[in-house]
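Reader: I'm new to reading structures like this one. Could we go through it together, a question at a time?

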Amino acid sequence: MKRFFIATLLLAGGSAHASTPEQRGFQVFRQICSSCHSLNYVTYSDLTGLGVSVPDIKSYASQHQVPDGLDEDGDPKTRPAHPSDHIGSPYPSESMARMANHGGLPPDFSRLALTQEGGPQRIIHILKSYTAPPAGTKLPLGAFYNTAMPHLHIAMPQPLHDGQVKYADGTTATIPQMANDVTAFLNWTARPHLKARHQTGIFVLAYLAGLAVLLGILKRRVWKRLKSPE
Amino acid sequence: MTERSNSLSEWLEARLPVISAFRREYVDFAMPRNLNYLWNFGAFATIALGLLILSGIFLALNYTPTVTEAFASIEMIDRQVSSGWLVRAIHMGGVSMLFASLYVHIGRGLYYGSYKAPRELLWLTGLGLLLLVMTTAFAGYILPWGQMSYWGATVVINALNSLPVIGKPLAAWLLGGEGLGNTALHRIYVLHFVTAFSIVGFVVLHVAALHVAGSNNPTGIEPAKPDDTVPFHPYYTTKDGLGLCLFLMVYAGLIFFAPDILTLADNYAQANPLVTPRDITPEWYFAPFYAILRAVPSKLGGLLLAAGSLGVLFAVPWLDASPVRSARYRPILRIALPILFLAFIALGAAGMHPPTGFWLWISRIAVTYWYLYFLILLPYLPRVEIPKPLPSSLQEPRG
Amino acid sequence: MTQDGAPTSSSTQCSSGKGGTRRRDVLATVTAGVGCAGACALAYPFLDSLNGTRNSRVGEDDTVDVDLSAIPPGQQTVVTWRGWPVFVQRRTAAMLASLQAPGAAQRLRDPESKILQQPKDATNWHRSVVPEIGVLIGICTHLGCVPSYDTPSPADQSGKYACPCHGSQFDIAGRAYKNAPAPYNLPVPPVTMVSETHLRIGLSKGDPDFDIANIQQI
């Protein structure tokens, strides 16, 4: 709770240039999702790929503690995270994470948009499908009503509420808005170099097409010698 | 320039005649003049192999072959290593491009009878290459230690275990006396390298065999007159070059714009020995053989039938009783063989779907046809099939 | 890839005539050039991947704080900074005197620290921010071994560093002696005194633009 509060304060006073859906989604992750979900393979400095500034990354990292070997008494030590550390899990261990979540393990976010069946669209759909259960619905312990799920319940309590996040760029934080934004962020964590991939691809294809044209002309000229009678 | 470089090349030539050998085998080498674009796929496979080896070496520099670190090191390559995502994409896309080229290459060999005398060894070394490529691909797929890696390896090692006599010791040697863990991963990593470089050796053999017999051609008639052939350069360098450009465009389209379609998303989750993913499906290039494995309701039977479907290819030069090489002049084979290709594709599709109902029957029909083709049609069809008259020269226009 | 560049050399066929050959040769050269350029471009991602994760590590805050109260006079403690061993010494009056002793400079290769091996605020006779505290990167400038510290003894109160590998010698301020192989003084990292008893390695208040990567040799 305390961390949540500090983060909100920092963001409220901080940069006002969060504008892409991914950046807003990162804000949602940072303030809401990251209290349960891990990002085990993404480092703080990876966030530069979203356009997050280096000072912001440093301050974000330094709010988290990471294990740092043993102290002189042999007890585990921690230190503030460096930008090169993985963002990791809010829980110190998997069993702690399960204990805090009725035995379920909140899935890691690193590749969720890839591994989740149905992909990003499905994630948006789940996030938007929380409603009040119809009268008389009996839900299992630790389950929440969600119309997107096959059995109409999910282990995750409704994460998003209207106005829960105060977007730095002034966008109104409705549930659909936040669902779209956070999914854009998840899509980025799952496909981190997508933009560079597409840009490089266009270059490479254009180059190969050019080379193919050259070789095509060359090949025709070479082979024409055979067809013409000598 | 001339005098010194001449004396240098003479000096080299007298000691190691590489320049004249290169000229003989790759510049002046006589090629039938009527090869179509299907003859490009060997060059495609070579290029894909080259890119795989190159990218593989650079991936290996950042990869850690331990159970705890393997998955994280792959994630690091994909996320944090400079251009690591691109090197890995080249490697991952390369496998599919290599298999696709090989399958077309083999299909072309079947269609134009390129396995017939005097090219039997060319065919056999090629099949040896296919087996090595498959082993390498399988070993490589385990290395990221994702869910599909782990469970694919589990399934294959258990299948290996069920082989009579050799199965148990082979599996035990691979695993090093424990379950699928650090020891096995390390061995599989080394296996991946050893087989990868053996492939290069086999390619040399394959090409050497090719250069003894020379290329087959769409008519299946050996070149007779001098003008039936053209020198490799510049005719086939330009033709292969053009084909390669188009091949590389497909390759690039795949790795830059559709990297997800050829990989299974489940492999982006770290291996978990306690949870098997819901649908384990192999990579597409193994799917046909996987479908055969599942088409038979017997463990050993499925295994033998799957292995036999490849094994039977080795016997093709001796199974095919027809003296006519090219299917162009064999009216029945010309229909029977494309059906075999369809059966192979159907098996592939069946291998990617759950083995129930429709897909199970598709795979059973297809595998039956597969064996029917090789064991019945190839040896006995020539008794009833009347071949079309062969042209007198490979240059004669198709009629 | 080489295949791209393969249709390069001039035709082995005798030219079939007139203007066509010349034009094709130009075209062949251009095609070969473009193909080779592509092959070279292909090398980029492979070579770039050799940089490892270096380029993705931004904003790394690599400072190390050292508590000086634990170091007795005449002794040193070793900490690691960027993976290098860093010697932090507390110098005695006798050690400081030895640095300024008459005739000492003649035996040194670079007594004035003219070669860039230290930040500006350590370019002085004691090669440190404050005379009593010396900070040196413990990597011999000859071939990279870690010199060992000879603590001051009653016989020799100045103390010195001696490299076990090839006998290079440095005075207590890390200045290389003549007649030994090490060509440069030991590097001094950027240092800031946070308080009387704490210093921070990795940041130089007196020379904020100092970058350890720019020094003569590490």
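Reader: Which helix holds B:Ile19, and is that residue buried, partly exposed or exposed?
Author: Keep in mind that we're looking at a predicted model. B:Ile19 sits in helix α2 of chain B. Its relative accessible area is 41%. Buried would need under 20% and exposed over 50%, so B:Ile19 in α2(B) comes out as partly exposed.

Reader: Which helix gives the largest share of the nonpolar patch that B:Ile19 belongs to?
Author: The patch on the surface is made of B:Leu8, B:Trp11, B:Leu12, B:Leu16, B:Val18 and B:Ile19, with about 560 Å² of accessible area together. At least two of its residues come from each of α1 (2-15) and α2 (18-27) of chain B. The largest share is three residues, and the helix that supplies them is α1(B).

Reader: Let's go inside now. How much space lies in the largest cavity?
Author: The count comes to five cavities of 30 Å³ or more. For the largest cavity, the space is about 730 Å³.

Reader: Which element gives the most residues to the lining of that largest cavity?
Author: The lining has 37 residues, and those nearest the centre are B:His91, B:Val95, B:Gly140, B:Tyr141 and B:His192. Two or more lining residues come from each of α3 (41-60), α4 (70-79), α5 (84-111), α6 (120-142) and α9 (182-213) of chain B. With seven residues, the one that gives the most is α3(B).

Reader: How many residues of that lining are nonpolar?
Author: Sort the lining of the largest cavity by residue type. Three residues are charged and eight are polar. The nonpolar ones number 26.

Reader: On to charges! How far apart are the N and O atoms in the salt bridge of B:Arg88 and B:Asp78?
Author: B:Arg88 lies in helix α5 of chain B and B:Asp78 in helix α4 of chain B, so their salt bridge ties together parts that are ten residues apart in sequence. Both B:Arg88 and B:Asp78 are buried. From N to O, the distance is 2.8 Å.

Reader: Which residue of chain A is linked into a network of salt bridges with residues of chain B?
Author: On the chain B side, the network takes in B:Glu75, B:Asp78, B:Arg79 and B:Arg88. The member from chain A is A:Arg111.

Reader: Where is A:Asp68, the salt-bridge partner of A:Arg79?
Author: The closest N and O atoms of A:Arg79 and A:Asp68 are 3.6 Å apart. A:Arg79 belongs to strand β3 (residues 76-80) of chain A, eleven residues away from its partner. A:Asp68 is partly exposed, at 31% relative accessible area, and its place is in chain A's strand β2 (residues 65-70).

Reader: How many residues apart in sequence are the parts that C:Arg200 and C:Asp65 tie together?
Author: These two form a salt bridge, with 2.8 Å between the closest N and O atoms. C:Arg200 is partly exposed at 30% relative accessibility, and C:Asp65 is partly exposed too, at 43%. C:Arg200 is in strand β9 (residues 198-201) of chain C and C:Asp65 in strand β1 (residues 64-67), so the parts they tie together are 135 residues apart.

Reader: Last one: how many strands does chain C have?
Author: From the N terminus on, its elements go α-α-β-β-β-α-β-β-β-β-β-β. Chain C has 218 residues, of which 40% count as buried. Besides three helices, the number of strands in chain C is nine.

How values were computed: Residues numbered from 1 in each chain as written. Chains lettered and ligands numbered in written order. Predicted model: local features only at pLDDT ≥ 70, side-chain atom pairs only at ≥ 80, totals over all residues. Heavy atoms only, no water. 1 Å grid on protein atoms, 1.4 Å probe; cavity = no way out; pocket = protein on both sides within 12 Å on 5 of 7 lines; lining within 4 Å. Points joined across faces, edges and corners; volume = space filled by probe spheres on them. Helix = DSSP H or I, 4+ residues; strand = E, 2+ residues; numbered from the N terminus. Nonpolar A, V, L, I, M, F, W, Y, C, P; charged D, E, K, R; others polar. Patch = residues over 30% accessible without salt bridge, like charges linked within 9 Å, V, L, I, M, F, W, Y side chains within 5 Å. Areas by Shrake-Rupley, 256 points an atom, 1.4 Å probe, with all protein chains shown as cover. Salt bridge = Lys/Arg side-chain N within 4 Å of Asp/Glu carboxyl O. Buried < 20%, exposed > 50% of the residue type's maximum accessible area, 1.4 Å probe, protein only.
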